[in-house]
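Please open the structure in a viewer and keep the selection panel at hand. The stops below are to be taken in order.

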Amino acid sequence: MTVTGTYWREQLSADQRALLGQDPGRIANPRPDVLVVGGGILGVAAAAAINDAGLGSVQLIEAGRLGSGATGGATGLLIPEPHQWSDPETFVDLERASLERWRYLDQLKPGGIGLVELDWIGLAPDPVGHAAHQPAYVEWLSADKLARLVPGLAWRLGGTLIRHQARINPLRALAGLADDLTAVGTGVAATAVTIQSGRIAAVHTSAGVVSPGAVVFATGQPPVLDGLDLDIPSDRVKGHLLVTDPTSVLLPCTVAPVATPLEDGRLLAGGTFDYGDETPDVRDEVIDMIMAGLRAALPALRRVGVSHQWCCFRPRHPDGRPVIDRVPGLSNAWLTSGHFRTGILNAPATGLALARWISTGKPPPESSTWSATRFAELDRHG
Ligand SMILES: Cc1cc2nc3c(=O)[nH]c(=O)nc-3n(C[C@H](O)[C@H](O)[C@H](O)COP(=O)(O)OP(=O)(O)OC[C@H]3O[C@@H](n4cnc5c(N)ncnc54)[C@H](O)[C@@H]3O)c2cc1C
């Protein structure tokens with residue numbers, strides 16, 4: 001029987017599940033030093049970093065449960081290095097720093113946050129453009145070597161091997177970070193703001209008014225609130241994922257674009273980009289397509305079924321890069337949004353950057369890369 005819902009939730013303990021639904025409908029601290037709006041990985045990582053930095057009391061509010069947006073449905077891969085072929089250097093640097101931060105948090109938190117170290121193989125028809133001029137840690141695999149590493153692969157292809165990447169169960173990591181937060185209100189939606197003298201004086205919510213010292217918005221896409229005039233273009237891109245029943249087909253590591261091995265011999269596959277599909281439902285034909293691709297790559301899976309299937313939406317800005325910035329025109333409000341394909345990976349470094357910015361008043365290096373006004377500038381210059 002196939003469950004329509006994420007596999008990640010099933011891996012949680014009862015305590016971890018309880019952490020995702022803390023203090024429903026309640027604001028414990030209506031006068032916090034910092035209010036964080038949004039309980040996805042970016043909001044929780046920001047709240048945790050602000051808390052760890054000792055910047056005063058933190059209240060987090062989340063309209064649903066923690067992780068009920070894109071975060072709870074993500075693949076959970078923490079793979080900076082393959083992005084060197086598609087993303088600007090500043091972006092890859094943020095990703096590398098963030099993976100190191102995830103490793104640090106995994107060591108720091110009692111019981112860890114469940115980080116699994118793993119290598120990454122990307123299948124490629126030939127070495128051109130991959131093997132040439134690559135750093136030493138990128139190894140080109142001949143078709144023979146790849147066949148030895150990934151027995152059962154139907155295609156005779158070479159590929160690139162990158163060691164020391166990682167993955168997490170995004171909900172488990174979220175629960176690990178939320179564990180230290182003392183004021184988390186779930187089922188509480190921000191609806192409006194009152195602005196006085198260039199500052200947010202009050203945030204109106206479904207559970208009452210909050211008067212914060214500072215505010216961080218981490219609502220996936222930029223927040224839509226009465227009284228907050230933001231003009232930051234964004235949309236969202238749906239993706240489907242599935243987990244197979246346990247199988248004896250053992251992958252040594254993530255094999256892109258085929259699958260990632262999970263516990264119990266299960267495989268995680270998909271991560272489609274279903275542009276233009278705004279429906280919230282899992283579509284059978286997309287799941288069938290992912291499974292057909294998996295069986296074509298690994299014929300031994302022909303009798304293996306799907307145990308879990310789900311979909312979620314990636315928040316995105318037009319250039320595919322996030323915003324990490326002060327809210328334009330407001331001295332006590334910050335914003336992070338549009339983390340698209342790499343929000344799980346980039347959450348700890350983003351949270352740290354926001355905590356430092358709030359405490360020192362100074363933006364991080366390369367802040368123009370993440371600015372909220374870059375789209376208006378692009379428009380002006382055609
Ligand atoms: C199929 C798929 C696979 C992915 N795989 C990966 C991957 O392997 N690695 C990776 O790094 N990233 C991956 N991502 C991307 C990643 O999931 C996102 O970038 C990340 O989860 C965004 O986190 P967020 O906290 O910004 O947004 P969200 O998780 O959407 O959280 C925002 C939260 O804000 C809340 N909210 C919104 N408005 C309000 C309001 N007014 N008041 C209160 N709360 C509000 C929402 O309810 C929501 O819970 C994947 C995404 C998808 C869809």
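The tour visits a strand, a ligand site and several salt bridges.

This is a predicted model, in which local features need pLDDT of at least 70 and side-chain atom pairs count only at pLDDT 80 or more, while totals for chains, interfaces and linings use all residues. Residues are numbered from 1 along each chain as its sequence is written, and side-chain values use heavy atoms, with hydrogens and water left out.

**Strand β7**

Select residues 158–167, which form strand β7; helices (H or I, at least four residues) and strands (E, at least two) are DSSP runs, numbered from the N terminus. Eight of the ten residues of β7 are buried (under 20% relative accessible area, with exposed over 50% and partly exposed in between; 1.4 Å probe, protein chains only). Add β5 (residues 116–124), which pairs with β7 in the antiparallel sense over eight bridges; pairing requires at least two bridges found by DSSP. Within this pairing, W120 has I162 of β7 as its bridge partner. Next add β6 (residues 138–141), antiparallel to β7 over four bridges, where L141 stands opposite G159. Strand β4 (residues 77–78) also pairs with β7 in the antiparallel sense, over two bridges, and L78 has A166 as its partner.

**The ligand**

Now select the ligand and the 32 residues that surround it, each having a heavy atom within 4 Å. The closest are E62, T71, C312, F340 and L345. For contacts to oxygen atoms of the ligand, display the backbone N or O atoms of L345, at 2.7 Å, and of A70, at 3.0 Å. The protein covers 89% of the 1000 Å² of accessible area that the ligand has on its own (Shrake-Rupley method, 1.4 Å probe). Helix α8 (343–360) is among the elements supplying at least two residues of the shell, and its three residues are the largest share.

**Salt bridges**

Which side chains meet E117 and D277 in salt bridges? Select R103, whose side chain meets that of E117 at 2.7 Å, N to O; a salt bridge is a side-chain nitrogen of Lys or Arg within 4 Å of a carboxyl oxygen of Asp or Glu. This pair links helix α4 to strand β5, with the two positions 14 residues apart in numbering. R103 counts as buried because its relative accessibility is 17%, whereas E117, at 45%, is partly exposed. Then select R283, which meets D277 at 2.8 Å; D277 is buried at 10%.

Finish with E81, E89, D93 and R96, which are linked in a network of salt bridges.

How values were computed. A polar contact is a pair of N or O atoms within 3.5 Å; within protein, one must be able to donate a hydrogen and the other to accept it, and residues adjacent in sequence count only if both atoms are side-chain atoms.
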